[in-house]
Amino acid sequence: MSSSPSRFDRGHTDDLMTFLAAGPSPYHAVASTAERLEKAGFRQVAETDAWTVTPAAEAAGSSGGKYVLRGGAIVAWYVPEGAAPHTPFRIVGAHTDSPNLRVKPLPDSGAHGWRQVAVEIYGGPLLNSWLDRDLGLAGRLTLRDGTTRLVNVDRPLLRVPQLAIHLDRSVSAEGLKLDKQRHLQPVWGLGDDVRDGDLIAFLEETAGLAAGEVTGWDLMVHSVEPPAYLGRDKELVAGPRMDNLLSVHAGTAALAAVATSGGGLPYIPVLAAFDHEENGSQSDTGADGPLLGSVLERSVFARGGSYEDKARAFAGTVCLSSDTGHAVHPNYAERHDPTHHPRVNGGPILKVNVNNRYATDGSGRAVWAAACEKANVPFQSFVSSNSMPCGTTIGPITAARHGIKTVDIGVAILSMHSARELCGVDDPHLLASALTAFLEG
Ligand code: ZN
């Protein structure tokens, strides 16, 4: 006998699946985050506007929800009625990018009658997971006039065909070996007449743009298979980019919930979703750039604050850095620490590493535990086996760059960095509940 393993109705998870499918690139992910925040009353503020001396200051400094979009990153915050310039922030941090294959500057290639697209490897994908999938192409086009346009060819357009086993008998004994340059170039049709500009011309036509209008592009491939419930009782979800759109989605839901709850808030709740975590965060839209500090600082000044107010606010600020972690794998349990075995649907995880691969310390644990207790959410602890190098995320970077107390948390999944990952049906909702309690203070 077994009862339904799901503690919740599936509304949150259904919505997560919609969000995952709508975010084939970081640019799409932030657009869909902004759309959700707009529905909760948030308004966009331009970084190029003055926030302190013009009517835009009204918009930036007043109470209510605002957000800044920059490339594949978004920072959103909600100023409660009566917030002081030195009111501390409570931040949920996450990242919008996922490992994948990205289009090279001269993409048009091919051989032996095949049309191919030249790609680079972004981040650390499980390369095998990109083989023999139906792939679409999505990203951002920059036009001659400097404006940008999102594009998403969400149909089977490309494929990285795996070599037949008959032509590589060693694969069974020695495992699959992929050369990153030679073996991962997708095909996208047939033709001997490959010309420079073919792919971009195809995208211009697809996006309804005039020929020659696109002068820059940031394009990447994605699996077109939609997310799906999985398992005997549908207690699992299979889908792309859970690392880390699962956290962006939960953070967005939490921020929208506290902004529309109407209650008084002791902190200024913030969502910071960065690009480029998968390759080290060092960019103008990454966690190791000035974006978050600049937005928070300007929001203090826009409310009439001084440098002193900013220092006071930052000193009292806490960031929950939310990213996916590793659930115990039934086929590889020995890869995990023997006493720390996060289970799927067991609640979100607290991530600890004493060498600061994660920013959590004992006092951070207490903040997280208090939020979970308030939300009636169970949580689990993750620590790497001492024999394995520990991964890292935006937590330690945020802590070091801004001097902000940071705690690393997240949801335990399987198949991290696969083109199709696997999580539990309950954990995303439990994470969102804990984040909401944290942002409420
Ligand atoms: Zn991640």
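Which residue just after H7 takes a positive phi, and of about how many degrees? It is glycine 304, with a phi of about 85 degrees, just after H7. Please keep in mind throughout that what we are looking at is a predicted model.

Let me stay with that part of the chain for a moment. Helix H7 covers residues 291–302 and helix H8 covers residues 307–315, and the axes of the two come within 9 Å and cross at roughly 125 degrees. That angle makes H7 oblique to H8, because it falls neither in the range of 65 to 115 degrees that counts as roughly perpendicular nor over 145, where roughly antiparallel begins. The crossing of H7 and H8 is right-handed. If you would like to find the contact on your screens, look in H7 for Gly293, Leu296, Glu297, Val300 and Phe301, which meet Tyr307, Asp309, Lys310 and Phe314 in H8.

H7 itself has twelve residues, and from its first C-alpha to its last it reaches 16 Å, which is close to the 16 Å expected at 1.5 Å a residue. Several of its residues are buried, among them Leu291, Leu292, Val295 and Ser299, and Gly293, Leu296 and Val300, which I named a moment ago in the contact with H8, are buried as well.

What does histidine 402 touch, leaving aside its neighbours within four places in sequence? This histidine is found in helix H10, residues 394–402, and the residues in contact with histidine 402 are Ala287, Gly289, Leu292, Gly293 and Phe314. Two of these, Leu292 and Gly293, are buried residues of H7, while Phe314 belongs to the H8 side of the contact between H7 and H8. Histidine 402 has a relative accessibility of 15%, so it counts as buried, the limit being under 20%.

Now to another helix, H6, which runs over residues 242–259. Its 18 residues should span 26 Å at 1.5 Å a residue, and its end C-alpha atoms are 25 Å apart, which agrees. H6 is mostly covered, with 16 of its 18 residues buried.

Finally, the charged pairs. Side chains of opposite charge can pair when their charged atoms come close. How many salt bridges does a search of the whole structure find? The search finds 18, and I will take you through three of them.

In one of them, the side chains of aspartate 198 and arginine 115 meet at 3.2 Å, N to O. Aspartate 198 lies in helix H5, residues 198–206, and arginine 115 in strand S6, residues 114–122, so the pair ties together parts that are 83 residues apart in sequence. Both partners are covered: aspartate 198 is buried, with a relative accessible area of 18%, and arginine 115 counts as buried at 17% relative accessibility. The pair also belongs to a network of salt bridges that links Arg115, Asp193 and Asp198.

The other two that I chose have partners that are exposed or partly exposed. Glutamate 174 and lysine 177 meet through their side chains in a salt bridge of 3.6 Å, N to O; here glutamate 174 counts as exposed at 53% relative accessibility, and lysine 177 counts as exposed at 59%. Glutamate 334 forms a salt bridge with arginine 335, with the closest N and O atoms 3.5 Å apart. In that pair glutamate 334 counts as exposed, at 55% relative accessibility, whereas arginine 335, at 46%, counts as partly exposed.

Notes: Residues numbered from 1 in each chain as written. Predicted model: local features only at pLDDT ≥ 70, side-chain atom pairs only at ≥ 80, totals over all residues. Heavy atoms only, no water. Helix = DSSP H or I, 4+ residues; strand = E, 2+ residues; numbered from the N terminus. Expected span 1.5 Å × (residues − 1). Buried < 20%, exposed > 50% of the residue type's maximum accessible area, 1.4 Å probe, protein only. Salt bridge = Lys/Arg side-chain N within 4 Å of Asp/Glu carboxyl O. Axes fitted to C-alpha atoms, helices over the stretch in contact; angles between N-to-C directions. Parallel < 35°, antiparallel > 145°, perpendicular 65-115°, else oblique. Left-handed = near helix turned anticlockwise from the far one by under 90°. Contact = heavy atoms within 4.5 Å.
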